[in-house]
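Let's take a walk through this structure together, with an eye on its aromatic rings and its surface. Have the sequence and the 3D view at hand as you read.

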Amino acid sequence: MPRDRDEPAAVRVYTVCDESKYLIVRNVPALGCGDELGTLFSTYGPLEECKPMDAEDCEEYTDVFFIKFSQVSNARFAKRKLDESVFLGNRLQVSYAPQFESLEDTKEKLEVRRKEVLVRIRSTAGSRTEGLSQYSLGQGSSSGNSHHQMSSNKREYTKTFYTSHMGDARFSHVSSNKDYFPSESMNATVNLVRQKLDKIQSGSDTCNADATSKKPRVDNRRRI
């Protein structure tokens with residue numbers, strides 16, 4: 001049933017049974033513009049037929065056209081783009097016409113949809129599998145690479161630090177009496193630590209000297 005001109009288009013979900021390569025175009029201006037209408041629809045796919053439907057009821061000064069596409073996908077695309085579009089001042093009303101399908105047309109339509117669904121399922125499953133494998137490989141390689149990079153950076157830093165400091169005369173030897181800190185309190189702390197270390201060192205030297213000066217004890221006990 002054709003809708004009124006000022007009536008807004010309703011949102012409708014079409015199933016594979018509702019869709020068809022046969023279309024009915026209403027509200028076409030009655031100006032003998034069948035060729036122009038066929039040229040417009042042929043931009044969305046090859047047409048097999050484009051003819052007026054004189055027996056169809058329509059509003060005054062308008063015509064109804066019957067259009068047949070070679071493939072259902074082209075008809076679907078044309079309907080989505082041209083329904084409610086303006087053609088020579090009138091808004092076209094495009095609808096599917098599955099009632100004109102033959103048995104072979106219906107079989108072909110269902111087979112095409114079955115293949116499309118299979119392709120989508122396979123592509124979705126393949127993309128998920130590929131994404132998981134890339135994530136696993138990327139995670140493993142990133143962790144391994146990060147660990148290897150950290151170890152390399154650590155070795156490189158140690159080597160650079162050792163080379164630069166051993167080659168620098170400032171780090172080769174520091175005098176025990178030299179104040180090499182800019183703060184007096186820090187130098188005083190260093191001197192205090194040095195004094196304690198010297199005291200501990202002198203004490204250990206004294207103990208070693210006493211142990212060395214002692215005579216070895218002779219065991220004069222009788223053996224049975």
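The paragraphs below look at aromatic pairs and then at a surface patch.

Please keep in mind that this is a predicted model. It holds 4 aromatic pairs. Let's begin with Y22 and F66, whose rings sit 5.8 Å apart, centre to centre, with 35° between the planes, a tilted arrangement. Y22 belongs to strand β1 (residues 22-29) and F66 to strand β3 (residues 62-69), so this contact ties together parts that lie 44 residues apart in sequence. Are these two rings buried or exposed? Y22 has a relative accessible area of 6% and is buried; F66 is buried too, with a value of 6%. Ring pairs also bring in F100, linking it with Y22 and F66 into a cluster.

Next, turn to Y44 and F77. This aromatic pair is edge-to-face, with 85° between the planes and 5.2 Å from centre to centre. Here, too, distant parts of the chain are linked: Y44 is in the loop between α1 (34-42) and β2 (47-52), F77 is in helix α2 (residues 72-82), and the two are 33 residues apart. F77 has a relative accessibility of 35%, so it counts as partly exposed.

Finally, let's move to the surface. Which residues make the nonpolar patch there? V193, L197 and I200 do, and the patch covers about 300 Å². You can find I200 in helix α5 (residues 184-213). With 59% relative accessibility, I200 counts as exposed, because the cut-off for that label is over 50%.

Notes. Residues are numbered from 1 along each chain as its sequence is written. This is a predicted model: local features need pLDDT of at least 70, side-chain atom pairs count only at pLDDT 80 or more; totals for chains, interfaces and linings use all residues. Side-chain values use heavy atoms; hydrogens and water are left out. Rings of Phe, Tyr and Trp (its six-membered ring) pair if their centres lie within 6.5 Å; planes under 30 degrees apart count as stacked, over 60 as edge-to-face and the rest as tilted. Helices (H or I, at least four residues) and strands (E, at least two) are DSSP runs, numbered from the N terminus. Buried means under 20% relative accessible area, exposed over 50%, partly exposed in between (1.4 Å probe, protein chains only). Patches are made of residues with over 30% relative accessible area and no salt bridge: like charges are joined within 9 Å, nonpolar side chains (Val, Leu, Ile, Met, Phe, Trp, Tyr) within 5 Å. Accessible areas come from the Shrake-Rupley method with a 1.4 Å probe; for residues, only the protein chains shown count as cover. A salt bridge is a side-chain nitrogen of Lys or Arg within 4 Å of a carboxyl oxygen of Asp or Glu.
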